[in-house]
Amino acid sequence: VYAPFIIACFFTFTSFLEGLSPAQIGDKLKKNFGPSIKGNYLLWPAAQLVNFTFVPTRLAVLYVSGVSVVWNT
């Protein structure tokens, strides 16, 4: 539920900092939002399934942090 909102905010805010016009921001959002949300929904459910099924509780935060590094890169 949170992913579409935060991804849209990320693209909007970074585009604003790049000095793009509102029209250019809209174009960038239209171009990048779909692939980003698709990648999000391919990665995170699988990562959390592995996390909750196989990763020991004491290592869960480390595992999710590692997946986050991959996602953010």
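## A nonpolar patch on helix 1

Ile6 is a good place to start: with a relative accessible area of 34%, this residue is partly exposed. Ile6 lies in helix 1, and together with Tyr2 and Phe5 it forms a nonpolar patch on the surface. The accessible area of these three residues together is about 340 Å². Please keep in mind as you read on that this is a predicted model.

The two aromatic members of the patch, Tyr2 and Phe5, are both exposed. Both also lie in helix 1, which covers residues 2-17. They sit 3 residues apart, about one turn of the helix.

## Aromatic pairs

How many aromatic pairs does the structure hold? There are 2. One of them is formed by Tyr2 and Phe5, whose ring centres are 6.3 Å apart, with 45° between the planes, a tilted arrangement. So these two residues share a surface patch as well as an aromatic pair.

Phe10 and Phe11 form an aromatic pair too, this one edge-to-face, at 5.5 Å centre to centre and with 65° between the planes. The planes count as edge-to-face because the angle is over 60 degrees. Are these two rings' residues buried or exposed? Phe10 counts as exposed because its relative accessibility is 51%, and the exposed class begins over 50%. Phe11 has 12% relative accessibility and therefore counts as buried, the limit being under 20%.

## The salt bridge

A search of the whole structure turns up 1 salt bridge. Its partners are Lys28 and Glu18, whose side chains meet at 3.1 Å, N to O. Lys28 belongs to helix 2, whereas Glu18 is in the loop between helix 1 and helix 2, so the pair ties together parts that are 10 residues apart in sequence. Glu18 is exposed, at 51% relative accessible area.

## Gln24 in helix 2

Helix 2 spans residues 22-54, and Gln24 lies within this helix. What does the side chain of Gln24 reach? It reaches the backbone nitrogen of Ser21, at 2.8 Å.

Gln24 is partly exposed, its relative accessible area being 40%. For anyone who likes to check distances in the model, Gln24 and Thr12 are 10.0 Å apart in space, C-alpha to C-alpha, with their positions 12 residues apart in sequence numbering.

Technical notes:
Residues numbered from 1 in each chain as written. Predicted model: local features only at pLDDT ≥ 70, side-chain atom pairs only at ≥ 80, totals over all residues. Heavy atoms only, no water. Phe/Tyr/Trp six-rings, centres within 6.5 Å; stacked < 30°, edge-to-face > 60°. Helix = DSSP H or I, 4+ residues; strand = E, 2+ residues; numbered from the N terminus. Buried < 20%, exposed > 50% of the residue type's maximum accessible area, 1.4 Å probe, protein only. Patch = residues over 30% accessible without salt bridge, like charges linked within 9 Å, V, L, I, M, F, W, Y side chains within 5 Å. Areas by Shrake-Rupley, 256 points an atom, 1.4 Å probe, with all protein chains shown as cover. Salt bridge = Lys/Arg side-chain N within 4 Å of Asp/Glu carboxyl O. Polar contact = N/O pair within 3.5 Å; in protein donor to acceptor, adjacent residues only side chain to side chain.
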